[in-house]
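Work through the exercises below with the sequence and the model at hand. Each task is followed by a solution in steps.

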Amino acid sequence: MEWLINKLSGKESQPITPIQEGGTEPCIDPPLNLLQTVMDEGVVAALQLRGYAFVKVGEHEASLVEQLRQQQIAFFNEPVDEKFLVKSGCYDVESYGWSSVENLKEYYQVRVGGRNSNVPYPEGTDFGKLSIEVYQFLDRIGRNILEDLIESIPLDRNTIEELLDPYPPLPEDTIVEVDGAFVSSTFVPDGYISSSNLDLFKYHNLDEFSDNWINNHPSHVDSGILSLIPCSDVPGLEFMDQSLNEWIAVEEIIQTHCQNTGESHYRYIVIMVGECLDVRSKHSLKSGMHRVRKVPQSEGKRYSIVHKQRSRPEVTGPRYQQDYAIIDIQQRALSQQN
């Protein structure tokens, strides 16, 4: 804040240091069997104690993540002109589709649309269908965790249900439909567009821009309720462990474990608390402080998937520009449903 005051008052400000930009503190060598220790603590206790937790999913869910990863890589390697075709949004406000930060990263934001919502995806591939299927199973995991948290935090079930998009049907009753470039799902009401989103990232890890960015993403907390992150192929996600008060390379821990056991790392999901749940729980849960390490170019590009379970902007207030358009679409859809 001081640098902003100086800037506005015309005083010469000091340059932002690397620490201010996101932290250069190294991760510690993790305690022996930390992954199993956190798993044994259980999700609720680990979130309260550390700010992050792990969930292990079944082989079917892991296969969906792996298939989406293949589609993700193929899409991001398409020419820019092709990717611009799915740079879209609501009422001319960019709210889903492809975007990029030059020389740093590209990302694709997935929002689930109900029937007649006309949310486009790359045509002629399984990208849209797989994106929605991964969104749906991660969102269900998040909802189950919130149910388990009710007994430990000052929030009741009605409040949580009010925060979330309308409660979806059972998995066997959920239908994903593909109509050319448009993919919809009965996971949300007809004409509705989800508040939560699934973000697909590609980090370039270009060595020649190492002076521009110390980390691919500096230390921060997410704004939503929960974030659920399947383990990436190229480790980079790091957490400030609130119990140890040290940075932990969580994906490296998962990768090492899976190399020793022969398991697929796609079976492991990292969970963290977002600002909304932090505030709504009256700070009995703390937001998960995390960052994305910039790895050497020789280690390859890093592709990641992040499900951000967010509150309905109508309930907690708009945070981003696109939220105003999303509110209008959601209100119209729900009024027609009633």
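**Lining of the second largest pocket**

The lining of the second largest pocket is made up of ten nonpolar, five polar and four charged residues. For these classes, Ala, Val, Leu, Ile, Met, Phe, Trp, Tyr, Cys and Pro count as nonpolar, Asp, Glu, Lys and Arg as charged, and the others, Gly among them, as polar. The model is predicted: local features need pLDDT of at least 70, side-chain atom pairs count only at pLDDT 80 or more, and totals for chains, interfaces and linings use all residues. Residues are numbered from 1 along each chain as its sequence is written, and side-chain values use heavy atoms, with hydrogens and water left out.

**Exercise 1. Describe the second largest pocket: what is its volume, and which residues are closest to its centre?**

Step 1. A pocket is found on a 1 Å grid over the protein atoms alone, as an open set of points with protein on both sides within 12 Å along at least five of seven lines; lining residues have an atom within 4 Å of a point. A volume is the space filled by probe spheres set on the points, which are joined across faces, edges and corners.

Step 2. The volume of the second largest pocket is about 310 Å³. It has 19 lining residues, and Pro30, Leu34, Glu252, Ile253 and Thr256 are the closest to its centre.

Step 3. Helix H3 (34-41) and helix H9 (250-261) each contribute at least two lining residues; H9 has the largest share, with five. Helices (H or I, at least four residues) and strands (E, at least two) are DSSP runs, numbered from the N terminus.

**Exercise 2. Describe the largest pocket: which strand gives the largest share of its lining?**

Step 1. The largest pocket has a volume of about 600 Å³. Among its 30 lining residues, Asp199, Phe201, His217, Lys308 and Arg310 are the closest to the centre.

Step 2. At least two lining residues come from each of strand E3 (93-101), E4, strand E7 (197-203), strand E8 (215-220), E13 and strand E14 (302-309). The largest share, five residues, belongs to E3.

Step 3. By class, the lining has eleven nonpolar, ten polar and nine charged residues.

**Exercise 3. Find salt bridges that link distant parts of the chain: where do Arg293 and Glu238 lie?**

Step 1. A salt bridge is a side-chain nitrogen of Lys or Arg within 4 Å of a carboxyl oxygen of Asp or Glu. The whole structure contains 18 of them.

Step 2. One of these joins Arg115 to Glu177, at 2.9 Å from N to O. Arg115 is in the loop between strand E4 (105-110) and helix H7 (127-149) and Glu177 is in strand E5 (residues 176-179), so this pair ties together parts 62 residues apart in sequence.

Step 3. Arg293 and Glu238 also form a salt bridge, at 2.8 Å from N to O. Arg293 lies in strand E13 (residues 290-293) and Glu238 in strand E10 (residues 237-241), 55 residues apart. Buried means under 20% relative accessible area, exposed over 50%, and partly exposed in between (1.4 Å probe, protein chains only). Arg293 is partly exposed at 21%, whereas Glu238 is buried at 4%.

Step 4. In a further pair, the closest N and O atoms of Glu275 and Arg319 are 2.9 Å apart. Glu275 is in helix H10 (residues 275-280), and Arg319 is in the loop between helix H11 (313-316) and helix H12 (321-337), 44 residues away. Glu275 is partly exposed at 28% relative accessibility, and Arg319 is exposed at 51%.

Step 5. Through shared partners, salt bridges connect Glu25, Glu238, Glu252, Arg291 and Arg293 in one network. Glu252 is also one of the residues closest to the centre of the second largest pocket.

**Exercise 4. Locate the largest nonpolar core: how many residues has it?**

Step 1. A nonpolar core is a set of buried Ala, Val, Leu, Ile, Met, Phe, Trp, Tyr and Cys residues joined through side-chain atoms within 4.5 Å.

Step 2. The largest one has 82 residues, and those with the most contacts inside it include Tyr108, Leu149 and Leu277. H7 supplies the largest share, eleven residues.

Step 3. Contact means heavy atoms within 4.5 Å. Beyond its neighbours within four places in sequence, Leu277 touches Leu146, Leu149, Ile153, Leu155, Gly224, Ile225, Leu226 and Leu285.

Notes: 1 Å grid on protein atoms, 1.4 Å probe; cavity = no way out; pocket = protein on both sides within 12 Å on 5 of 7 lines; lining within 4 Å.
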